[in-house]
Amino acid sequence: MEEVIYKAKKFTLVRKARVVGGRTVWGEYLIHPGAVAVLALRGGRIVMVRQFRSAIGEWTLEIPAGTLEGGEDPESAAVREMIEETGYKPLRLVPLLEFYPTPGVSNELIRIYFTDRLEYVGVSGRDPGEVDMSVVEVTPGEALRMVESGEVKDGKTIIALLAARLRGLLPHHDYAF
């Protein structure tokens, strides 16, 4: 049994029932279309974005990412988000991993891609809340040190950096575990 409580632009809040130990238990959950993120290397440097996140009232440093739009193919969404946020078009995308960031609250699945082949086509199509976003390029070592120091707190970015490092996709001459 499921009841819609609230429908927003990017998610739907539902109240859902399931039987646990013979009893009906209710919970509230967010139904989300999913998201994509891209760990992009340009000349050995990681392309990141600095943006204000209203939910936490802070500026963050993250890899480019965004929500899927109505039935959109994840790879197409990844290309769209890279162009919107950085102006770079990935010429190839390699699936890195996918994960549920908050499975106790939402069914959102984030798919992370890796690319080291980019073409600059210019920024276009940013959301109104992203006009003050800026592109920042850092070495893999700098990015990993920012994770270690707590400067980078975004989960998808941390997961992408660590997964890429473990798979040998990041140059490691400037950072050692």
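These exercises work through a sheet, a surface patch and a helix in a predicted model.

**Exercise 1. Sheet layout**

Find the strand order of the open sheet, and state which strands stand at the edges.

*Solution.*
Step 1. Strands of a sheet pair through backbone hydrogen bonds, either parallel or antiparallel.
Step 2. Here three strands form an open sheet, ordered β1-β2-β3, with antiparallel pairing.
Step 3. β1 and β3 (23-31) each have a single partner strand, so one side of each lacks a neighbour in the sheet. These two are the edge strands.
Step 4. On average, neighbouring strands of this sheet are turned by 25° against each other, direction ignored.

**Exercise 2. Pairing of β1 and β2**

How many bridges join β1 and β2, and how many residues lie between the two strands?

*Solution.*
Step 1. Strand β2 covers residues 12-20 and pairs with β1 in the antiparallel sense.
Step 2. Five bridges hold this pairing.
Step 3. Two facing pairs can be read off. Lys7 stands opposite Thr12 of β2. Glu3 has Arg15 of β2 as its bridge partner.
Step 4. The two strands form a hairpin, with four residues between them.

**Exercise 3. Pairing of β2 and β3**

Which residue of β3 stands opposite Arg15, and which residue in the hairpin takes a positive phi?

*Solution.*
Step 1. β2 and β3 pair in the antiparallel sense over nine bridges.
Step 2. Arg15 faces Glu28 in β3. Arg15 is also the bridge partner of Glu3.
Step 3. The hairpin of β2 and β3 has two residues between the strands. In this hairpin, Gly21 has a positive phi near 60°.

**Exercise 4. A residue of β1 at the surface**

Classify Ile5 by its accessibility, and name the surface patch that it helps to make.

*Solution.*
Step 1. Locate Ile5: it sits in strand β1, residues 2-7.
Step 2. Its relative accessibility is 43%. Buried means under 20%, and exposed means over 50%. The value falls in between, so Ile5 counts as partly exposed.
Step 3. Ile5, Tyr6 and Phe11 make a nonpolar surface patch of about 280 Å².

**Exercise 5. Helix α3**

Compare the span of α3 with the expected span, then list its buried residues.

*Solution.*
Step 1. α3 runs over residues 155-166, twelve residues in total.
Step 2. From first C-alpha to last, α3 reaches 16 Å. This is close to the 16 Å expected at 1.5 Å a residue.
Step 3. Its buried residues are Lys156, Thr157, Ala160, Leu161, Ala163, Ala164 and Arg165.
Step 4. Just after α3, Gly168 takes a positive phi of about 75°.

Terms used
Residues are numbered from 1 along each chain as its sequence is written. This is a predicted model: local features need pLDDT of at least 70, side-chain atom pairs count only at pLDDT 80 or more; totals for chains, interfaces and linings use all residues. Side-chain values use heavy atoms; hydrogens and water are left out. Patches are made of residues with over 30% relative accessible area and no salt bridge: like charges are joined within 9 Å, nonpolar side chains (Val, Leu, Ile, Met, Phe, Trp, Tyr) within 5 Å. Accessible areas come from the Shrake-Rupley method with a 1.4 Å probe; for residues, only the protein chains shown count as cover. A salt bridge is a side-chain nitrogen of Lys or Arg within 4 Å of a carboxyl oxygen of Asp or Glu. Buried means under 20% relative accessible area, exposed over 50%, partly exposed in between (1.4 Å probe, protein chains only). Two strands pair if DSSP finds at least two bridges between them. Axes are lines fitted to C-alpha atoms, for helices over the stretch in contact, and angles run from 0 to 180 degrees between N-to-C directions. The expected span of a helix is 1.5 Å times one less than its number of residues.
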